[in-house]
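Me: I have a structure to go through and would like the reasoning behind the labels. Please set each value against its cut-off.

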Amino acid sequence: MMENLIEIVNPLGVPRAQVSKLAPRRHRSLTGRRVGLLDNNKPNADKFLQLIGEMLQARYAELTLLAKCKMTRMESDGLVQLAESCDVVINAFAD
Amino acid sequence: MVSSEFWTLALAESQARGVKDLPLIKVPHPVGTISLEALHAVAESVVDAIAGKLMRGSDSTSAGNRMASQQDEGSAAASLTVPNDPAEMFSFFCDRGWTDGLPVLPPTLAAVQKMIAAGGNKPDVVLGIIPPLNGVATVEKVAANAVMAGCLPNYFPLVLAAVRAMARPGYNLDGVQTTTGNIAPLAIVNGPCRNQLAINYGANVLGQGWRANATIGRAIRFVMTNIGGARPGSFDKSTVGQPAKYTFCFAENEEASPWQPLHVERGLARERDTVHMFGASGVYSAVDMASQSATGLLKTYSLTMTGGLASGVTSTEVLWVICPEHAAILERDGFSKDKLRVELFARARIPYDNIADENLALLAKRRPLWFKSGALREIGVVDRPEDIWLVVAGGAGAKSAYIPGRTGTRMQTAAVEGFD
């Protein structure tokens with residue numbers, strides 16, 4: 001090795017290799033579908049999702065909305081119920 | 001739906017979780033502080049794109065979702081060569097965002113080996129996965145960061161315990177790493193190692209001047225930044241941050257405490273070395289040089305706990321660092337830790353009228369306990385007395401410190417392995 005260089009252990013983490021499968025989108029139309037609204041509990045997130053939901057209802061007949069506010073991962077049980085009772089879910093992320 | 005400020009973070013997280021084709025829609029930041037009218041316009045602009053993403057045959061591959069991971073550059077290489085000249089080496093680390101802005105020691109192979117040997121674990125043992133990039137915290141990677149931070153090898157078992165604790169789900173490290181809040185990881189140390197390693201628990205306990213306190217806390221920060229990839233401004237989204245994000249570690253003054261130390265309350269033997277990881281959102285000074293009774297101190301403490309929205313209503317758990325002189329008064333007046341918790345819980349309340357309407361509406365969702373019918377029109381600092389943690393630390397003087405926590409983060413305790 002050259003005198004003016006030294007060897008160090010790379011301090012950066014190696015990301016865990018992970019591949020997950022996305023839920024399939026089975027429906028060609030949202031007509032009659034149950035749309036979950038998953039809110040991150042930040043200001044306006046619920047209102048914004050509700051607006052999106054109402055706009056979808058105006059575009060697709062018999063579309064129903066199920067809103068749920070998410071606190072943290074520690075209360076993730078509710079997410080399973082939401083997944084079971086919805087055809088598709090819209091999630092709000094960030095501020 | 002992701003606001004624009006969080007777009008690159010969302011892409012990186014979806015990649016780290018193995019769903020790089022997650023259908024994402026970008027909306028302009030901010031969302032939280034705009035009017036209903038403005039919100040309506042934003043919703044109109046994205047609703048059809050959202051509908052498209054929800055249906056079969058949509059553009060699910062989202063080419064835009066693909067991005068090179070921030071860690072890609074050189075992260076796979078086990079070792080690197082860096083300039084030997086101290087100033088050039090420091091610049092090398094700074095330029096890559098691998099430090100906190102202060103000089104570091106080079107994690108040479110020999111120095112890292114020494115650190116690993118002191119930890120008593122093999123280099124490839126995995127302590128946890130560090131978000132947001134889900135970096136694998138192996139003993140070797142943590143050792144490299146501990147060397148950089150300036151740790152002595154015999155501090156290393158404490159750093160390992162801290163990393164184990166903070167990687168547990170209850171700490172909610174995803175949130176701690178990427179929040180716009182100012183949360184800092186705080187390591188509290190109990191047990192005989194406090195004296196053996198000279199970890200400060202006396203005068204200036206939360207301040208500067210002790211190598212163990214400074215470098216153990218700093219090593220934890222480097223693990224978060226370098227292994228987890230939470231660099232400030234990119235994936236660490238803290239709006240203003242706080243100085244404790246450089247380093248925050250102290251020990252309990254067990255010798256001066258009239259009560260059981262924290263690790264014994266947590267079910268460990270008194271002689272067991274222990275690290276607790278708390279999520280600290282600031283240090284509030286509770287100056288009370290005049291009160292001569294517990295009655296007076298209770299007033300001062302509850303006033304401190306309700307001194308603002310951040311100190312008052314946004315923490316799942318909170319922490320008191322009680323100075324020995326205050327602790328002696330409280331004990332003399334018949335206060336156990338449990339009694340103190342109950343009294344503080346009963347007194348530290350914020351009336352609805354002191355809180356802005358918009359915040360009250362948000363709190364009704366986040367803290368529903370305080371909005372049940374028939375409830376008094378006030379909000380407690382936490383939901384239960386047992387969410388108030390109490391430790392005794394500091395030197396002479398009548399000044400304690402209140403440290404609020406974070407929504408959704410609970411203190412995690414880990415026994416130190418392999419220290420003797």
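Reply: The model is predicted. A starting point is the pair H7(B) and H10(B), whose crossing is right-handed.

Me: What makes H7(B) oblique to H10(B)?

Reply: Helix H7 (residues 156-166) of chain B packs on H10(B) at an angle of about 45°, and the axes are 10 Å apart. Angles under 35 degrees count as roughly parallel and those from 65 to 115 as roughly perpendicular. The angle fits neither range, so H7(B) is oblique to H10(B).

Me: Which residues of H7(B) and H10(B) meet, and what is their class?

Reply: From H7(B) come Leu158(B), Val159(B), Ala162(B) and Val163(B), and they meet Ile216(B), Ala219(B), Ile220(B) and Val223(B) of H10(B). By class this contact has eight nonpolar residues, no polar and no charged ones.

Me: Why is H6(B) also called oblique to H10(B)?

Reply: The axes of helix H6 (residues 139-149) and helix H10 (residues 211-227), both of chain B, come within 8 Å and cross at roughly 130°. Roughly perpendicular ends at 115 and roughly antiparallel needs over 145, so H6(B) is oblique to H10(B). H6(B) passes H10(B) in a right-handed crossing.

Me: What makes up the contact of H6(B) with H10(B)?

Reply: On H6(B) the residues are Lys141(B), Val142(B), Asn145(B), Ala146(B), Met148(B) and Ala149(B). On H10(B) they are Thr215(B), Arg218(B), Ala219(B), Phe222(B), Val223(B), Asn226(B) and Ile227(B). By class there are eight nonpolar, three polar and two charged residues.

Me: Which residues have the most contacts inside the largest nonpolar core?

Reply: They are Val159(B) and Ala162(B), in a core of 135 residues. Not counting residues up to four places away in sequence, Val159(B) touches Val142(B), Ala146(B), Cys151(B), Ile216(B), Ala219(B) and Ile220(B).

Me: Why is Gly418(B) called partly exposed?

Reply: Gly418(B) has 13 other C-beta atoms within 10 Å. Buried needs 20 or more and exposed 12 or fewer, so Gly418(B) is partly exposed.

Me: Where does Gly418(B) lie, and what is Gly418(B) in contact with?

Reply: Gly418(B) is in the segment after strand S15 (412-415) of chain B. Leaving aside neighbours within four places in sequence, Gly418(B) is in contact with Gly119(B), Gly120(B), Asn121(B) and Pro157(B). The C-alpha atoms of Gly418(B) and Asp273(B) are separated by 9.9 Å, with their positions 145 residues apart along the chain.

Me: Which residues of H15(B) are buried, and what covers them?

Reply: In helix H15 (residues 337-347) of chain B, the buried residues are Lys337(B), Leu340(B), Arg341(B), Glu343(B), Leu344(B) and Phe345(B). Their cover includes helix H12 (294-305), helix H14 (324-332), strand S12 (378-380) and strand S13 (388-392) of chain B.

Me: How is chain A built, and how much of chain A is buried?

Reply: Chain A has two helices and four strands, in the order β-β-α-β-α-β along the sequence. Of its 95 residues, 27% count as buried.

Me: How many residues of chain A are in contact with chain B, and what supplies them?

Reply: 48 residues of chain A are in contact with 79 residues of chain B. Strand S1 (5-9), helix H1 (45-59) and strand S4 (88-91) of chain A each supply at least two residues of that side. H1(A) gives the largest share, eight residues. By class, the side of chain A that touches chain B divides into 27 nonpolar, 11 polar and 10 charged residues.

Note on methods: Residues are numbered from 1 along each chain as its sequence is written. Chains are lettered from A and ligands numbered from 1 in the order in which they are written. This is a predicted model: local features need pLDDT of at least 70, side-chain atom pairs count only at pLDDT 80 or more; totals for chains, interfaces and linings use all residues. Axes are lines fitted to C-alpha atoms, for helices over the stretch in contact, and angles run from 0 to 180 degrees between N-to-C directions. A crossing is left-handed if the near helix is turned anticlockwise from the far one by less than a right angle, and right-handed if clockwise. Two residues are in contact if their C-beta atoms, placed from the backbone, lie within 7 Å. Ala, Val, Leu, Ile, Met, Phe, Trp, Tyr, Cys and Pro count as nonpolar, Asp, Glu, Lys and Arg as charged, and the others, Gly among them, as polar. A nonpolar core is a set of buried Ala, Val, Leu, Ile, Met, Phe, Trp, Tyr and Cys residues joined through C-beta atoms within 7 Å.
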